[in-house]
Amino acid sequence: MLRFIVRRLLLLIPVLWGLSVALFLWVRALPGSPAQALLGERATPEKIRQIEIALGLDQPLYVQYWRFLEKALRFDFGTSIQSSRPVVEEMGRRFPATIELGVTALLIAVLIGIPVGYFAARRHGTWLDQLSVSASLVGITIPVFFLAYMLRYVFANQLGWLPNTGRQEARMLDVEHPTGFYVLDAIVTGNGPALSDALLHLVLPAVTLATIPLAIIARITRAAVLDVLNEDYVRTAEAKGLTARTITRRHVLRNAMLPVSTTIGLQFGLLMSGAILTETAFAFEGVGKFVAQAIPSRDYATLQGFILVIAALFVLINLLVDISYGLIDPRVRVR
């Protein structure tokens with residue numbers, strides 16, 4: 001197992017290097033330039049030239065890439081054009097919000113999706129099974145931005161049960177957030193009102209973001225459980241008189257969780273990209289909204305830094321999924 005982990009970590013080097021090259025070329029293929037985006041209508045060839053020299057964009061591409069790679073290895077991605085702050089500082093401000101939102105959405109998807117998929121498979125062909133299949137299809141196909149505005153309209157505007165936008169109420173602006181994770185900070189400091197406020201602000205965006213992964217996890221769980229239920233060892237366990245609980249825990253769920261765990265890992269990575277629409281709809285100050293705003297402003301430093309870090313997180317999550325195989329099923333030995 002240790003050898004496998006080390007080998008996978010070493011494989012991160014060529015993967016991230018290849019991604020850095022593709023990312024570097026992609027951002028420079030965007031129409032326009034940072035200088036034009038900064039100057040707007042005041043852009044003149046002389047002013048554009050001055051800004052390009054200041055940003056190092058007048059150098060050949062290979063020189064620009066080498067400088068970017070050299071700084072990235074020191075975890076220095078430059079300064080954001082949008083905020084005039086270091087990109088690393090913006091990461092410290094934005095990533096906690098997106099991670100908190102993504103983890104909450106994934107918990108909702110897993111805690112609801114797996115039981116729904118399991119019970120639908122156990123009652124295959126009944127109305128419960130048909131309802132779960134139909135609901136999961138709706139969850140996959142409904143646009144995220146449409147669902148976001150519908151939830152805001154019903155639960156925030158009409159019923160007034162939940163906050164409309166943002167991460168906290170104005171009355172909570174004086175609350176300190178040392179880590180940037182509002183829920184964690186409130187728990188650590190024992191601030192009950194801040195915890196309640198942070199959780200309430202998470203509900204609507206988390207439910208919106210969880211809809212698609214929840215539907216996918218439920219469908220994958222249903223299919224995996226149906227496959228396992230038809231195996232000979234399950235019928236043998238039933239013939240031996242084992243209790244339904246024992247059969248479910250030892251034989252059904254443990255074997256069905258292999259494809260489900262893969263799906264969960266992939267969905268967590270995709271939540272980072274899916275957060276763009278959700279964060280925009282709910283004015284949630286996270287990574288997605290900030291990166292989306294960096295594209296029209298040609299903020300090379302922000303795009304390169306944030307996307308590279310997100311990709312590294314995605315690869316690490318997949319590594320954890322592979323390691324989990326050996327923990328879920330003892331027959332799977334990763335060497």
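User: Where in α9 does a kink lie, and of about how many degrees?

Analyst: Good place to start! In this predicted model, α9 has a kink of about 40° at T211, and the proline P213 follows shortly after.

User: What makes the ends of α9 fall short of a straight helix?

Analyst: Let's set the value against the expectation. Helix α9 covers residues 192–229, which is 38 residues, and a straight helix would reach 56 Å at 1.5 Å a residue. The end C-alpha atoms of α9 are only 46 Å apart, short of that span.

User: How do you know that N191 caps the N-terminal end of α9?

Analyst: A side-chain oxygen of N191 lies 3.1 Å from the backbone nitrogen of A194. A polar contact needs an N or O pair within 3.5 Å, so this pair qualifies.

User: Which residues does UniProt mark as "transmembrane region", and what is the chain like over 198–218?

Analyst: The unreviewed UniProt entry lists 101–121, 133–155, 198–218, 256–277 and 306–328. Over residues 198–218 the chain is 100% helix and 0% strand, with end C-alpha atoms 28 Å apart.

User: What makes the lining of the second largest pocket nonpolar or charged in character?

Analyst: Count by class: the lining has 12 nonpolar residues, one polar and no charged. Leu and Ala count as nonpolar, so L16, L69, A72, L73 and L308, which lie nearest the pocket's centre, belong to that class.

User: Which element gives the largest share of that lining?

Analyst: That is α1, with five residues. The pocket itself holds about 350 Å³ of space.

Conventions: Residues numbered from 1 in each chain as written. Predicted model: local features only at pLDDT ≥ 70, side-chain atom pairs only at ≥ 80, totals over all residues. Heavy atoms only, no water. UniProt positions renumbered as here; feature names shortened; annotations may be inferred. Helix = DSSP H or I, 4+ residues; strand = E, 2+ residues; numbered from the N terminus. 1 Å grid on protein atoms, 1.4 Å probe; cavity = no way out; pocket = protein on both sides within 12 Å on 5 of 7 lines; lining within 4 Å. Points joined across faces, edges and corners; volume = space filled by probe spheres on them. Expected span 1.5 Å × (residues − 1). Bend = angle between axes of the 7 residues up to and from the residue. Polar contact = N/O pair within 3.5 Å; in protein donor to acceptor, adjacent residues only side chain to side chain.
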